[in-house]
Amino acid sequence: MPTAPLICNQTVSRVSSVLNRDAKQFGKKHMFDGSEETCWNSDQGSSQWVMLEFPQPVKVSQLQIQFQGGFASQLCALEGGRKGEELVKISDFYPEDINALQSFRTQETMLDKLKITFENSTDFFGRIVVYRLSVLGEKL
């Protein structure tokens with residue numbers, strides 16, 4: 001199966017919070033801009049999340065994420081679903097508290113929406129910092 005990036009300009013993204021509500025400096029768009037200088041920085045609180053809604057059905061096979069060390073999640077829950085349906089749990093994955101890009105294979109799942117919940121932050125206040133987020137798979 002060919003694997004390609006699934007996030008595009010028509011992908012709608014939402015996040016649980018943005019540090020100090022400063023979307024210009026710390027907003028969700030920075031996870032997808034390809035720059036190593038910018039990032040999404042959540043506000044404090046437990047269980048931060050990112051929700052992606054794709055413009056067409058996709059089959060997800062891999063997730064790539066780059067945290068800032070000290071602001072990573074050690075337990076992430078992946079959920080997905082079709083438009084108009086409830087999200088169902090796909091898997092958990094366990095990133096390391098490092099700055100490097102990390103890759104996680106997932107059970108191949110057909111979906112239109114994907115939610116990543118960061119359940120266990122290494123930051124005392126529960127903040128999450130993501131420099132890069134990629135979802136790989138196949139457009140259907």
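## Serine 42 and the aromatic pairs

Serine 42 lies in the loop that runs between β3 (40-41) and β4 (48-67). What you're looking at is a predicted model, so let's start with this one residue and work outwards.

Is serine 42 buried or exposed? It is buried, with a relative accessible area of 0%. A polar atom of its side chain lies 2.8 Å from the backbone nitrogen of isoleucine 128. Setting aside neighbours within four places in sequence, serine 42 touches Ser17, Val18 and Leu19, along with Gln48, Gly126, Arg127 and Ile128.

Now for the rings. How many aromatic pairs are there? The count comes to 4, and two of them are set out here:

| Ring pair | Distance between centres | Angle between planes | Arrangement |
|---|---|---|---|
| Tryptophan 40 and phenylalanine 118 | 6.2 Å | 40° | tilted |
| Phenylalanine 124 and phenylalanine 125 | 5.2 Å | 85° | edge-to-face |

Take the tilted pair: tryptophan 40 sits in strand β3 and phenylalanine 118 in strand β7 (residues 102-118), so the pair ties together parts that are 78 residues apart in sequence. Both tryptophan 40 and phenylalanine 118 are buried. Ring pairs also bring in Phe67, linking it with Trp40 and Phe118 into a cluster.

What about the edge-to-face pair? Phenylalanine 124 counts as exposed, at 75% relative accessibility, while phenylalanine 125, at 45%, counts as partly exposed.

One last ring to look at is that of tryptophan 49: lysine 115 lies over its face, at 5.1 Å from the ring centre.

Key. Residues are numbered from 1 along each chain as its sequence is written. This is a predicted model: local features need pLDDT of at least 70, side-chain atom pairs count only at pLDDT 80 or more; totals for chains, interfaces and linings use all residues. Side-chain values use heavy atoms; hydrogens and water are left out. Helices (H or I, at least four residues) and strands (E, at least two) are DSSP runs, numbered from the N terminus. Buried means under 20% relative accessible area, exposed over 50%, partly exposed in between (1.4 Å probe, protein chains only). A polar contact is a pair of N or O atoms within 3.5 Å; within protein, one must be able to donate a hydrogen and the other to accept it, and residues adjacent in sequence count only if both atoms are side-chain atoms. Contact means heavy atoms within 4.5 Å. Rings of Phe, Tyr and Trp (its six-membered ring) pair if their centres lie within 6.5 Å; planes under 30 degrees apart count as stacked, over 60 as edge-to-face and the rest as tilted. A charge sits over a ring if NZ of Lys or CZ of Arg is within 6 Å of the ring centre and within 35 degrees of the ring normal.
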